[in-house]
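Here's a walk through how the pieces of this protein pack against each other. Have the sequence and the model open while you read.

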Amino acid sequence: MHFPVGCVAAWLSLAEPTVGVPFTSAWLVYEIIEDWRIADRSYLDVAGFLWGYGVTGALLVVLTR
């Protein structure tokens, strides 16, 4: 589930940084708070998010050149 969220965040960041950066920041703060409160190993969620962000960002950069 977190991979697609990373994909959306990457697309938003490239399409409209004023929307993408706050979206990404808010999601990361949410994951930090969730891990702090219930200790559910949110780093795995963040890893999935980063994979989605990285793969989508790289594809979008390559495809738009």
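Let's start at one of the helix contacts: Thr24, Trp27, Leu28, Glu31 and Glu34 in H2 meet Asp45, Val46, Phe49 and Tyr53 in H3. By type, the residues of this H2 and H3 contact split into five nonpolar, one polar and three charged. Here Ala, Val, Leu, Ile, Met, Phe, Trp, Tyr, Cys and Pro count as nonpolar, Asp, Glu, Lys and Arg as charged, and the others, Gly among them, as polar. Contact means heavy atoms within 4.5 Å.

Before going further, a word on the source. This is a predicted model, where local features need pLDDT of at least 70 and side-chain atom pairs count only at pLDDT 80 or more, while totals for chains, interfaces and linings use all residues. Residues are numbered from 1 along each chain as its sequence is written, and side-chain values use heavy atoms, with hydrogens and water left out.

Now the overall picture. The protein has three helices and zero strands, running α-α-α from the N terminus on. Helices (H or I, at least four residues) and strands (E, at least two) are DSSP runs, numbered from the N terminus. The C-alpha trace spans about 45 × 20 × 10 Å along its principal axes. Of the 65 residues, 28% count as buried; buried means under 20% relative accessible area, exposed over 50%, and partly exposed in between (1.4 Å probe, protein chains only). Among contacts between residues at least 6 apart in sequence, 58% join residues at least 24 apart.

Back to H2 (residues 17–38) and H3 (residues 43–63): their axes come within 10 Å and cross at roughly 160°. That makes H2 roughly antiparallel to H3, and H2 passes H3 in a left-handed crossing. Axes are lines fitted to C-alpha atoms, for helices over the stretch in contact, and angles run from 0 to 180 degrees between N-to-C directions. Angles under 35 degrees count as roughly parallel, over 145 as roughly antiparallel, 65 to 115 as roughly perpendicular and the rest as oblique. A crossing is left-handed if the near helix is turned anticlockwise from the far one by less than a right angle, and right-handed if clockwise.

What about H1 and H3? Their axes come within 7 Å and cross at roughly 45°, so the two helices are oblique to each other. This crossing is right-handed. Its residues divide into 13 nonpolar, seven polar and one charged.

H1 (residues 2–15) has 14 residues and reaches 20 Å from its first C-alpha to its last, close to the 20 Å expected at 1.5 Å a residue. That expected span is 1.5 Å times one less than the number of residues. Buried residues of H1 include Val5, Cys7 and Ala10, and what covers the buried residues of H1 includes H2 and H3.

Three residues are worth a look side by side:

| Residue | Helix | Relative accessible area |
|---|---|---|
| Thr24 | H2 | 13%, buried |
| Tyr30 | H2 | 48%, partly exposed |
| Thr56 | H3 | 14%, buried |

Which residues does Thr24 touch, not counting those up to four places away in sequence? They are Ala9, Ser13, Phe49 and Tyr53. With the same neighbours in sequence left out, Thr56 touches Cys7, Ala10 and Trp11. As for Tyr30, its C-alpha atom and that of Ser42, twelve residues apart along the chain, are separated by 9.8 Å.
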